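Trainee: I would like a close look at the empty spaces in this protein. Please take me through them slowly, and then through what else stands out.

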Amino acid sequence: MNFAFNNSTEKKMTVLIKPFDKDFLSVSFPDFFNTELLNAVRSLPDRKWNNEEKVWLVPQNQKSIDLLLENIYETNLFNVDDGERIGDENESKTPENTSAADSELDILTTALKVRHYSDNTISRYRKWVQIFLDSNKKIGANTENKAINDFLKNLALKKNASASTQNQALAALLFYFRFVKGTPVENLASVIHAKKKTRIPVVFSMEEVAKVINNLTGTKKLIAKLLYGTGMRLNEALSLRILDLDFDRNEIIVRHGKGDKDRRVMLPQKLIPELKAQIKVVKKLHEKDLAEGWGKVAMPKALGAKYPSGCAELKWQWLFPQKNRWKNKLTGEEGRFHIDESLVQRSVKQAILEAGINKNASCHTFRHSFATHLLESGYDIRTIQELLGHSDVSTTMIYTHVLNRGAGGVTSPLDRL
């Protein structure tokens, strides 16, 4: 499977997708690179960066391929007709297959962006609406509820979709009918709402946390300490910039977290010397980049226009920049993004194995452990809710199920014999 997407503007932009091995496809940008294309690949689950070949590796399965192609189209850098299968003749495309559905999807995207939905949510909503439209060519008046219910039943019974996936699809369709079609679903009681199951999160003991962290080295060890010490999500920790650390107030500002919300978390005292040392490393690296004519970093949202020179200032640099600069082969521009999530995830997985911990744990387990250990120390649930950034305290309450005062704190009658 070889694909190349070529933009027809005066700037040549190509995304090359081809087989890498029996498990992965390689994705590369031979002529042009920007952060939108980077995020199109970075948002894929289980993607990896191959530093030797300088390519992204994407799982070679239909789900990953469909999501990758969808993400590339949604950058708006390419037209639908730009995708070309290398070595094959282009398949003919008829206006009937694309025009109406594409127009509604464009309206949907605009409506979501105006309401400041995250890029990930926009991608998911577009996917569900696209699938729904493909399976419902014509929807008559007052038949929206039936069409939605039939679609959700098919997800649950034939696709074995989870309750959360089913409810995400429902939210996308309700948004579509309300803001795109202008016919909101009035009788929500008749629409299927999947009941979510309660799942107990995987949690490390304090001894296990120490074992995993001690099996890590360098920057990845510092990131793991930060995850456990603050309860941040991995992408939140990697997205930190130098200005987000306030050593005087002993706090870290988490910007654009889940739901595009900002919050404050504590700055662990033990990490202050290590974080200050990390800033010195970043400063030295930044000065080297500036001396070589680069050193600019992508600014969040519209701040690039507000502070045009800010992208070259030290305070806006990533706290954990990637080792090598990316390069735009067309313009010659070079820059750095933050460390890729997959590098930390793989290191933590390996550290868990080396520690001999037989739990289905990951980087996110540090966040679960942070909340559980604070509860065990006597901190109130509302404080922990604020630190985790949960909108509803019921989400935080899940950690009460894994306290030692639960099943693990009860003496079995067998032990009294």
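Mentor: Here is a tour of the pocket and the cavity, followed by a helix contact and a salt bridge. Keep in mind that this is a predicted model.

Take the second largest pocket to begin with. Its volume is about 940 Å³. The lining is made up of 32 residues. Closest to the centre of this pocket are Trp49, Asn51, Gln322, Asn324 and Arg325. Several elements give two or more residues each to the lining. Among them are the strands β3 (24–28), β5 (55–59) and β10 (326–327). The helices α1 (35–42), α8 (218–230) and α10 also belong to that group. Helix α10 supplies the largest share, three residues. By character, the lining of the second largest pocket splits into 17 nonpolar, seven polar and eight charged residues.

Helix α10 turns up again at the enclosed space. Rolling a probe the size of a water molecule over the atoms shows where empty space is left. The count comes to one cavity of 30 Å³ or more. The largest cavity has a volume of about 120 Å³. It is lined by 14 residues. His286, Asp289, Gln317, Pro321 and Arg336 are the closest to its centre. Helix α10 (residues 272–291) gives the most to this lining, with four residues. The lining of the largest cavity holds six nonpolar, four polar and four charged residues.

Now the helix contact. Two packed helices are described by the angle between their axes and the distance between the axes. Helix α4 spans residues 119–135, and helix α5 spans residues 144–157. Their axes come within 11 Å and cross at roughly 105°. An angle of 65 to 115 degrees counts as roughly perpendicular, so α4 is roughly perpendicular to α5. On the α4 side, the contact is made by Trp128, Ile131, Phe132 and Ser135. On the α5 side, Ala147, Ile148, Phe151 and Leu155 meet them. Seven of the residues in this contact are nonpolar, one is polar and none is charged.

Last, the charged pairs. The whole structure has 19 salt bridges. One of them joins the side chains of arginine 255 and aspartate 244, at 2.5 Å from N to O. Arginine 255 sits in the loop between β8 (251–254) and β9 (263–266). Aspartate 244 lies in the loop between α9 (234–238) and β7 (245–246). The two residues are eleven residues apart.

Methods: Residues numbered from 1 in each chain as written. Predicted model: local features only at pLDDT ≥ 70, side-chain atom pairs only at ≥ 80, totals over all residues. Heavy atoms only, no water. Axes fitted to C-alpha atoms, helices over the stretch in contact; angles between N-to-C directions. Parallel < 35°, antiparallel > 145°, perpendicular 65-115°, else oblique. Contact = heavy atoms within 4.5 Å. Nonpolar A, V, L, I, M, F, W, Y, C, P; charged D, E, K, R; others polar. 1 Å grid on protein atoms, 1.4 Å probe; cavity = no way out; pocket = protein on both sides within 12 Å on 5 of 7 lines; lining within 4 Å. Points joined across faces, edges and corners; volume = space filled by probe spheres on them. Salt bridge = Lys/Arg side-chain N within 4 Å of Asp/Glu carboxyl O.
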